[in-house]
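Please open the model in your viewer and keep the sequence panel beside it. The tour below proceeds by selections, and at each stop it says what to look for.

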Amino acid sequence: MEAIAHTEDAESDADLPYDVFARGCPSRRTLEHVTGRWGALTLGALHEGSFRFNELRRRVDGVSEKMLSQTLQALERDGLVHREAQPTNPPRVDYRLTPLGHEVAERLLTLIRFVEGRMDDVLASRERYDEARASA
């Protein structure tokens, strides 16, 4: 049954007009934006709601101002984040997910929650690996 499902997935993938495994495919760049450390964390945070820049920077602990700015620009360009500048003094800028960004964030959060839930296994594996390397 599993092999059949995999075959059906492969067949439906063949119908897609883009192939992320091809060097020149534009989907590869978007995948980098979404799955890179700061992109994934930014999308995950924005799934919680609208944020101002500094609120988002505090939520995504460890991201520099420059990296967050670059990440938001890339995600906005890809249509995943909406930037809304309000004509106030001082200017107020809010960021939120677009409907497409919301879909992507949902899928990312499934992966994030899975990884968080399996961290004990990952940490045990790291320990075994490190011990094996130290004794070699």
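**First stop: a salt bridge across a loop**

Begin by selecting Glu 48 and Arg 59, which form a salt bridge whose closest N and O atoms are 2.6 Å apart. This pair links distant parts of the chain, since Glu 48 sits in the loop between helix 3 and strand 1 (51-52) while Arg 59 belongs to helix 4 (residues 53-59), with 11 residues separating them. Arg 59 is partly exposed, at a relative accessible area of 44%. Please keep in mind at this and every later stop that the model is predicted.

**The whole chain**

Now zoom out and colour by secondary structure: the protein chain has 7 helices and 3 strands, and along the sequence they follow the pattern α-α-α-β-α-α-β-β-α-α. Of the 136 residues in the protein chain, 24% are buried. If you display contacts between residues at least 6 apart in sequence, 43% of these join residues at least 24 apart.

**The sheet**

Select the strands next. In what order do the 3 strands lie in the sheet? They form an open sheet in the order 1-3-2, with antiparallel pairing. Strand 1 and strand 2 are at the edges and each has a single partner strand, so one side of each has no neighbour in the sheet.

Narrow the selection to strand 2 (residues 81-86) and strand 3 (residues 92-97), which pair in the antiparallel sense over 6 bridges. The two form a hairpin, with 5 residues between strand 2 and strand 3. At one place in this pairing, Val 81 stands opposite Leu 97 of strand 3.

Moving on from Leu 97, select Thr 98, which lies in the loop between strand 3 and helix 6 (99-117). Is Thr 98 buried or exposed? With a relative accessibility of 15%, Thr 98 counts as buried, because the cut-off for that class is under 20%. Apart from neighbours within four places in sequence, Thr 98 is in contact with Gly 79, Leu 80, Val 81 and His 82.

**Two packed helices**

Hide the strands and show helix 3 (residues 37-46) together with helix 5 (residues 65-77), which pack at an angle of about 75° with their axes 10 Å apart. Helix 3 and helix 5 are therefore roughly perpendicular to each other, because angles of 65 to 115 degrees are placed in that class. Displaying side chains shows which residues meet: Trp 38, Gly 39, Thr 42, Leu 43 and Leu 46 on the helix 3 side, and Met 67, Leu 68, Thr 71, Leu 72 and Leu 75 on the helix 5 side. Sorted by class, this contact of helix 3 with helix 5 comprises 7 nonpolar and 3 polar residues, with no charged residues.

Staying with helix 3, how many of its 10 residues are buried? The count is 8, and helix 3 is accordingly described as mostly covered. The buried residues of helix 3 are Trp 38, Gly 39, Ala 40, Thr 42, Leu 43, Gly 44, Ala 45 and Leu 46.

**Leu 75**

From helix 5, select Leu 75, which is buried with a relative accessible area of 0%. Leaving out residues up to four places away in sequence, Leu 75 touches His 33, Gly 39, Thr 42, Leu 43, Leu 80 and Val 81. Then draw a distance from the C-alpha atom of Leu 75 to that of Leu 97: the two are separated by 9.3 Å, although the residues are 22 apart along the chain.

**Further salt bridges**

To finish, return to charged side chains, where the structure holds 6 salt bridges. Side chains of opposite charge can pair when their charged atoms come close.

One of these salt bridges joins Glu 32 to Arg 29, with the closest N and O atoms 2.9 Å apart. Because Glu 32 and Arg 29 are 3 residues apart in helix 2 (residues 26-35), they are separated by about one helical turn. Glu 32 is partly exposed, with a relative accessible area of 42%, whereas Arg 29 counts as exposed at 52%.

As a last selection, take Arg 118 and Asp 121, whose side chains meet in a salt bridge at 2.6 Å from N to O. Arg 118 is partly exposed, its relative accessible area being 41%, and Asp 121 also counts as partly exposed, at 43% relative accessibility.

Methods: Residues numbered from 1 in each chain as written. Predicted model: local features only at pLDDT ≥ 70, side-chain atom pairs only at ≥ 80, totals over all residues. Heavy atoms only, no water. Pairing = 2+ DSSP bridges. Helix = DSSP H or I, 4+ residues; strand = E, 2+ residues; numbered from the N terminus. Axes fitted to C-alpha atoms, helices over the stretch in contact; angles between N-to-C directions. Parallel < 35°, antiparallel > 145°, perpendicular 65-115°, else oblique. Contact = heavy atoms within 4.5 Å. Nonpolar A, V, L, I, M, F, W, Y, C, P; charged D, E, K, R; others polar. Buried < 20%, exposed > 50% of the residue type's maximum accessible area, 1.4 Å probe, protein only. Salt bridge = Lys/Arg side-chain N within 4 Å of Asp/Glu carboxyl O.
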